[in-house]
Amino acid sequence: MPTRYSSSLVLLCALGLAACGGGAASYNDTGNTPPPPGTPPAPTVSLSAAPDTVAPMGSTLLTWSSSNASSCNATGAWSGGMPLSGNQTINSIVATSIYTLTCTGGGGSTARSATVTVTAAAGTVNGMVDSSLLDRHQESANRVYAFAGFSTTSGTPVATAPVAQDNGACTFRYGLAGLPNGNYTVALTSNGGASFRSSANVTLAGAAVQNFSPTSVVRVGPGRPFTHPNQVSGTVQNGVVVEIDAGTYNGPASTWTVNNLTLRGVGGRAHLVAPANISNGKGIWVTQGANMAVENIEFSGAAVPDMNGAGIRAEGQDLAICGSYFHDNQNGILGAVAGNGNLLIEYSEFARNGGCEPGFGCSHNMYVGDTSRFTLRYSYSHHASIGHAVKSRAQENYILYNRIMDEATGTSSYIIDLPNGGLSYIIGNLLQQGPDTDNPAIIAYGAEGLSNPNRNLYVVNNTFVNDLGSGTFVSIAGGSTATVRNNLFVGNGTAVGGTATQVSNLTTNAPNFVNIGAFDYRPTATTPGIDQGTAPGLGGAFDLTPIYQYVHPANRQARPVRNGIDIGAYEYSP
């Protein structure tokens with residue numbers, strides 16, 4: 001229906017147009033105020049990039065102009081004062097970038113931006129890196145850099161990549177991606193870029209391979225000039241790689257004194273069998289040089305009169321052991337005392353070492369002294385004879401993703417003995433005490449006195465099995481600060497002896513593993529504790545969340561992430 005207005009309303013509207021919404025707009029309304037007479041106009045700015053899409057390390061030309069402005073300033077991917085109009089070439093663009101220009105005058109400021117997109121490139125450089133060129137104890141410091149141009153390691157690298165270790169092996173590799181075709185210097189660092197161990201010029205046309213090989217290699221084996229490692233132990237120089245052909249080498253013992261030495265079995269393990277009389281009175285090999293590595297070597301039969309004969313007696317600063325096998329010695333490895341720095345053992349096996357004799361004390365599968373840091377990972381220690389499967393007095397201990405067991409016939413004392421405490425992380429391990437154990441505790445912390453300055457213990461996401469039927473899973477000395485979280489305790493006994501913060505642990509006599517009789521503790525769909533753990537958080541600065549899980553024998557795999565974290569050393573995955 002049409003709207004009708006009364007004559008009185010029309011009269012009112014004629015007298016006051018604003019009240020009826022008609023008439024000219026009021027300049028008192030917000031946003032409608034015109035500039036006062038004589039106010040300068042706002043600046044105008046134009047900015048363009050040509051081209052606006054480039055390959056990595058490409059260039060573009062920025063062109064701009066302005067009016068009604070007295071100054072211009074660049075921000076974003078460029079900076080500084082700029083003329084009121086002009087152009088500038090931008091080189092070596094490695095990522096998509098935004099360039100902003102703001103011009104200011106009496107009428108205010110106006111900003112304009114131009115975006116230059118960097119297209120992805122498929123070019124790659126990859127290759128192997130010999131372990132002798134790496135810092136095995138500061139893994140994050142090992143990286144490969146790519147610099148634009150030949151024979152230069154200065155300026156900002158165009159790409160960088162970590163050096164990564166192959167699963168179950170002592171080999172390493174890297175991969176640089178996203179590089180446009182061109183010339184590069186590819187450089188290896190083992191100290192985070194402070195200096196470079198090796199570099200090479202690489203011309204890239206889609207893909208290239210650049211390996212980093214050892215500086216010097218001495219080869220030992222049947223049919224070679226040197227037929228036994230002992231023949232070169234006193235003559236090799238610092239930094240040499242000694243490659244020993246697979247096979248059996250009977251006596252004599254060797255002492256290695258030079259630094260940065262790598263001793264490596266090739267084509268399989270080189271088996272060093274102890275002589276009847278170990279002349280140095282210590283072990284098959286005595287390592288006295290700094291920054292040494294032992295890879296793919298087998299040691300057996302070491303025995304000396306003081307009952308401490310070892311496969312390796314570690315006496316030098318920083319030792320890495322990878323892919324090796326120590327069996328049927330009085331001690332598998334012995335040493336790494338105060339001042340010896342770091343001891344790393346990975347992807348290795350220890351079996352049937354140890355013993356206790358009146359008047360001589362005990363020997364063990366492995367016995368680490370009061371060195372700075374001990375790391376044992378992805379390894380298999382089993383069937384220790386009376387002694388401990390793992391014993392360490394180190395100030396810091398990282399025992400990660402191992403299988404440490406008596407199994408059916410082992411007679412070890414403790415599975416893990418940390419007699420003097422220390423900052424200790426025990427994460428993601430399979431820990432089993434057999435029916436013939438010589439001591440009813442599986443882990444002992446501080447049993448000989450907490451003499452190490454740090455007394456913090458973290459026992460997280462391990463699977464324990466107690467086939468003794470009694471005893472203690474984790475024994476903790478008074479005065480310690482301990483966290484026990486997300487552990488699966490199978491069998492009878494006391495879960496924790498001593499004081500600890502205990503969170504999300506589970507005790508059961510029905511674990512429903514894949515095959516508990518064969519010591520295969522992988523979970524099935526009916527294993528208790530699936531999705532029932534809690535986020536481990538940090539232990540000091542160390543992330544307690546398990547990222548790997550043990551694969552038998554002496555290997556690892558990434559731990560799956562699904563739903564909530566499971567209790568125990570494995571994450572169930574259907």
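**Exercise 1. Count the salt bridges and work out what the pair Arg264 and Glu243 ties together.**

Solution. Start with the total: the count comes to 17 salt bridges, taking a salt bridge as a side-chain nitrogen of Lys or Arg within 4 Å of a carboxyl oxygen of Asp or Glu. A quick caveat: this is a predicted model, where local features need pLDDT of at least 70 and side-chain atom pairs count only at pLDDT 80 or more, while totals for chains, interfaces and linings use all residues. Residues are numbered from 1 along each chain as its sequence is written, and side-chain values use heavy atoms, with hydrogens and water left out.

Now the pair. Arg264 and Glu243 meet through their side chains in a salt bridge, 3.5 Å from N to O. Arg264 sits in strand E20 and Glu243 in strand E18, so the bridge ties together parts 21 residues apart in sequence. Strands (E, at least two residues) are DSSP runs, numbered from the N terminus. Both Arg264 and Glu243 are buried, where buried means under 20% relative accessible area, exposed over 50% and partly exposed in between (1.4 Å probe, protein chains only).

Last step: zoom out. Salt bridges that share partners join Asp130, Arg219, Glu243, Arg264 and Glu295 into one network.

**Exercise 2. Find which residues lie nearest the centre of the second largest pocket, and which element gives the most to its lining.**

Solution. A pocket here is an open set of points on a 1 Å grid over the protein atoms alone, where a 1.4 Å probe fits, with protein on both sides within 12 Å along at least five of seven lines; lining residues have an atom within 4 Å of a point. The second largest pocket is lined by 15 residues, and Asp130, Cys170, Thr171, Arg264 and Glu295 lie nearest its centre. Strands E9 (123-129) and E20 (262-273) are the elements that each give two or more residues to this lining. E20 gives the most, with three residues.

**Exercise 3. Is His327 buried or exposed, and which side chain does it meet in a polar contact?**

Solution. First place His327: strand E26, residues 325-327. Its relative accessibility is 10%, so His327 counts as buried. Next, the partner: the side chains of His327 and Glu298 make a polar contact of 2.7 Å. That term covers a pair of N or O atoms within 3.5 Å; within protein, one must be able to donate a hydrogen and the other to accept it, and residues adjacent in sequence count only if both atoms are side-chain atoms.

Key. Helix = DSSP H or I, 4+ residues; strand = E, 2+ residues; numbered from the N terminus.
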